[in-house]
Amino acid sequence: MGTVHARSLDPLPMQGPELGFHADDIERPDMEQDSKQEVLENKDVIVQRVHIDGLGRTKEDCLTYEIADVFRAKNLIDVMKRAHEARQKLLRLGIFRQVEVVIDTSRGVDALPNGLDVTFDVSELRRMTGSYNTMVGNNEGCMVLGLKLPNVFGSAEKLTFQVSYGTKETSYGLSFFKPQPGHFERNFAVNLYKVAGQFPWSSLRETDRGVSTEFSFPLWKTNHTLKWEGVWRELGCLERTASFAVREESGHSLKSSLSHSMVIDTRNSAILPRSGALLKINQELAGYTGGDASFLKEDFEIQFNRRLFWDSVLSASLWGGCLLPIGDKPTCIADRFYLGGPTSVRGFSMYSIGPQSEGDYLGGEVYWAGAVHLYSPLPFRPGKGGFGDLFRTHFFLNAGNLCNLNYGDGPQAHLRKLAECIRWSYGAGIVLRLGNIARLELNYCIPMGVQSGDRICDGFQFGAGIRFL
């Protein structure tokens, strides 16, 4: 049997007759090799050796877990499939620029008639790499410069320094990432950062200097993250006309918190899904590990997507959250929830729903928001199969409420308050998907249920971001 090269194609087909190579790519075997090839294709084989060529600073023992399944292959097709899966695992480590797979018959005095050797030919990344890109957040853009040191100690660790300059936020961050060998989803990270942001809807500026450690791991069909964060926060007024309520919040504070998040995500895309569901639950407890902020914060996100006729998609989302102060000290304006804008309740200005003072929005301690969308292709399908598939039209109906609760009242009083003064809107628009990075929306909105103090956007509204209601 001749040597088979499974080149670095991404993704490499894993089944059927197309296995990343064509008949012309295989050397023409002679009659003796032909009989051996027939044996290998139709009968059991044994993977005798697996080699990794091209290693420099990478420790080979940390890669043993990624390639171990190749030894369990029972036939040639199974060897190719498991070798491809091992290649994907090696690339996922983020330490190799290229990985090629070579499958050949075993040679040597100990070679078995049905023995195979599998070789992974790798090219390591340089010791230092740089990057420049732009990112789109919740209705803001930023330029990001990064410096990365992959594979610092030879076991797929990563040290990253990143600078981000945006329209409302500037940040600096240094992070260290360490995966568990053989279980990339289980990883540990340490972050040092400084973030300076402006929040014009509250006439507030905030500078955070902090450190955090987090541990991520999968459990059954869920992904979990445990995190500790310590932040020194400096709040100040963005304008001289800031309200007295915002001026009262100005000054320094220290927050030390423990948090946990759980995610179940079966969507085919995080930006503009056409099928699947999402469940995300977050809990944060501050004050028990120090600092002068004490609260319990819970929030969740649910989304369902279902394909309908004519390539249309029905999507439904529900968000909610509650912030409970611990002790007599009120919650901080930086910890509260905010609602409204092109990425949440459309038809309202950015974060312009809920409690406010002299035109400055102060956020709320409890909120909910829900939306129903009907996505469909562009009329007459221009650019079908190409650029036109990045666009979708959608009709939407969304609603929500944000307020503060008197926790001395009972649950029925809380539900009544959340059901009062519901803001809602409906409309239609065009959605543009920017790969798997972000999405843009241009909508015509008709706001309803407007309350005193709310700022609305009646008519066309533009939105850009990653997370949309």
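Residues 24 or more positions apart make up 58% of the contacts in this chain that have a separation of 6 or more. Welcome to a quick tour of a predicted model. The chain has 469 residues, and 41% of them count as buried. Its secondary structure comprises 5 helices and 22 strands.

**The strands β20, β21 and β22**

- Let's begin with strand β20 (residues 423-434), which runs antiparallel to strand β21 (residues 438-448) and is joined to it by 11 bridges.
- Within this pairing, Y426 stands opposite I446 of β21.
- The hairpin of β20 and β21 has 3 residues between the strands, and G435 there adopts a positive phi near 60°.
- β21 also pairs with strand β22 (residues 459-465), again in the antiparallel sense, this time over 7 bridges.
- Two pairs help you find your way along this second pairing: C445 has G459 of β22 as its bridge partner, and L442 stands opposite F462 in β22.
- How many of the 7 residues of β22 are buried? The count is 5, so β22 is largely enclosed by the rest of the structure.
- When you look along these strands, it helps to recall that side chains in a regular strand alternate between the two faces of the sheet.

**A cavity lined from two domains**

- The model holds 3 cavities of 30 Å³ or more, and the second largest of them contains about 50 Å³ of space.
- Which domains supply the lining of the second largest cavity? Domain 1 (35-124) and domain 2 (129-465) each give at least three residues to it.
- If you would like to pick out the lining on screen, select C62, E66, L93, S155, A156, P179, Q180, P181, G182 and F184.
- By character, the lining of the second largest cavity divides into 6 nonpolar residues, 3 polar and 1 charged.
- As a reminder of how such spaces are found, rolling a probe the size of a water molecule over the atoms shows where empty space is left.

**Two positive phi values outside glycine**

- A156, one of the residues lining the second largest cavity, has a positive phi near 70° although it is not a glycine.
- You will find A156 in the loop between β6 (141-150) and β7 (158-166).
- A156 has a relative accessible area of 5%, under the 20% cut-off, and therefore counts as buried.
- C421 is likewise a residue other than glycine with a positive phi, here near 55°.
- The loop that holds C421 lies between α5 (411-419) and β20, the strand that is joined to β21 by 11 bridges.
- Is C421 buried or partly exposed? With a relative accessible area of 40%, C421 is partly exposed.

**A369 and its surroundings**

- A369 belongs to strand β18 (residues 366-376).
- The relative accessible area of A369 is 0%, so this residue is buried.
- Leaving aside neighbours within four places in sequence, A369 is in contact with S317, L318, W319, L339, V345, A399, G400 and L469.
- A369 and N401 are 32 residues apart in sequence, while their C-alpha atoms are 6.5 Å apart in space.

Note on methods:
Residues numbered from 1 in each chain as written. Predicted model: local features only at pLDDT ≥ 70, side-chain atom pairs only at ≥ 80, totals over all residues. Heavy atoms only, no water. 1 Å grid on protein atoms, 1.4 Å probe; cavity = no way out; pocket = protein on both sides within 12 Å on 5 of 7 lines; lining within 4 Å. Points joined across faces, edges and corners; volume = space filled by probe spheres on them. Nonpolar A, V, L, I, M, F, W, Y, C, P; charged D, E, K, R; others polar. Domains from an automatic or database assignment. Pairing = 2+ DSSP bridges. Helix = DSSP H or I, 4+ residues; strand = E, 2+ residues; numbered from the N terminus. Buried < 20%, exposed > 50% of the residue type's maximum accessible area, 1.4 Å probe, protein only. Contact = heavy atoms within 4.5 Å.
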